[in-house]
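Hi everyone, thanks for making time. I'd like to walk you through a few local features of one structure, so let me put it on the screen.

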Amino acid sequence: MAKKIPPIDNEEQLHLSIKTFAGLIESTEPWEELTHGQYAKNTLVAFKNDWNSFVTFCLENKVPCLPAKSDTVHRYIDYMSRSRKLASLKRYMVTISLVHRCHNLTDPCSHTEIRLEMQKQQLEKHDDYRNASAFRDEHLQKLLYQFELSTKVKDIRDMAIWAVSFEAMLKRSELAALTIDSLEIHADGLIDLLVNGRSIALSSVSSKALQRWLVISMICEGFVFRRIDRHSNIGDKPLDHSSIYRVFRRASDELSLPSSALFSGQSPRVGAAKDLADSGLSISEIQDQGRWKSPAMPAQYVGNTDRHDKEIAKYVKPKPWDK
């Protein structure tokens, strides 16, 4: 559902906010205030990074960013299209449009010039999106076999992450948020995960991998998966998305996969969806098991593009440059 962010109506506050957003922003606090706390932290970080990218472009070209002219946005799209995918270009437009509308300024992204440029980019980049490479059961089994005798802290942690993420179809945020309190360890050694109010039973293989990590890490409270420094010291803070990305990128390296098939933090959900589809589960059943709100993403992951496009169309709100 589209967010309805009211524009700033206080003149003094408006002046201060425009001054803030006319330059680089180092924290997400101004963004949280601008959007009235309606977005998640990771979304605010993305807004900040995207806006800073646009501001940097404007500074280098000695043109104002707020308000920005449609010609400036046009040049920015053209410049970024040389190294960015269509999804990134669309995200930049959303951010630029949001900042202008919240400051009661004319939205440069609604100009015909921008609409035509984005249509051009869609034609040129319509096939540049692809799913994350699928991390499947066969990959997990090879990794578990390869590292089953390892006593290194990092190996044991990564094995647990690979197994638990795949089997429970965890999002990166769900993996990072797992705490000892969200684990139910049974007398037979099997473990259930409590994820957003749902209980997920792990197999004996994944339970064993997770148990090994809990024993060697001696974690008895707080976050389950944590950072490990170069001296094998286990920290207190949970893994962030970039750390999870590196764990799965390591899996790619250990399996000697080609550069076209490298894993990311989304790979276990993609692979699990494909494995479930191959075992005969329907899109709806996969959606339920992976806790997706819509059938769109599991449909895309298993190659049912018609179903994906149909489901996505229900939620798409035309952007200014699409009209």
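Where is P67 placed? P67 is in the loop between α3, residues 41-60, and α4, residues 70-80. Keep in mind as we go that this is a predicted model. The reason I start with that loop is its backbone: the peptide bond from L66 to P67 is cis, with omega near 0 degrees. If you set up torsions for this chain, that is the one I'd like you to have in view.

Staying with backbone angles, let's turn to phi. M218 has a positive phi, near 55 degrees, and M218 is a residue other than glycine. Look for M218 in the loop between α10 (204-217) and β4 (226-228). Is M218 buried or exposed? M218 has a relative accessibility of 70%, and because the cut-off for exposed is over 50%, M218 counts as exposed.

S256 is the next stop. S256 is not a glycine, yet its phi is positive, at about 55 degrees. S256 lies in the loop between α11 (241-254) and α12 (267-278). With a relative accessible area of 63%, S256 is exposed.

Now for a side chain. R136 sits in the loop between α6, which spans 112-125, and α7, which spans 137-147. Which side chain does the side chain of R136 meet in a polar contact? That partner is the side chain of D278, at 2.5 Å. Setting aside neighbours within four places in sequence, R136 is in contact with F166, G271, K274, D275 and D278. For orientation, α12 covers 267-278, and D278, the polar partner of R136, carries the last number of that range.

Let me finish with the sheet. How many strands does this open sheet have, and in what order? There are three, ordered β1-β2-β3, and the pairing is antiparallel. At the edges are β1 (183-185) and β3 (198-201), each pairing on one side only. From one strand to the next, the twist averages 25 degrees.

Zooming in on one pair, β1 and β2 run antiparallel and are joined by three bridges, with β2 made up of residues 191-195. If you want a register marker there, E184 stands opposite D192 in β2.

That's my tour. To recap the backbone part, we have the cis bond from L66 to P67, the positive phi of M218 and the positive phi of S256. Happy to go back to any of these on the screen!

Definitions and conventions. Residues numbered from 1 in each chain as written. Predicted model: local features only at pLDDT ≥ 70, side-chain atom pairs only at ≥ 80, totals over all residues. Heavy atoms only, no water. Helix = DSSP H or I, 4+ residues; strand = E, 2+ residues; numbered from the N terminus. Polar contact = N/O pair within 3.5 Å; in protein donor to acceptor, adjacent residues only side chain to side chain. Contact = heavy atoms within 4.5 Å. Buried < 20%, exposed > 50% of the residue type's maximum accessible area, 1.4 Å probe, protein only. Pairing = 2+ DSSP bridges. Axes fitted to C-alpha atoms, helices over the stretch in contact; angles between N-to-C directions.
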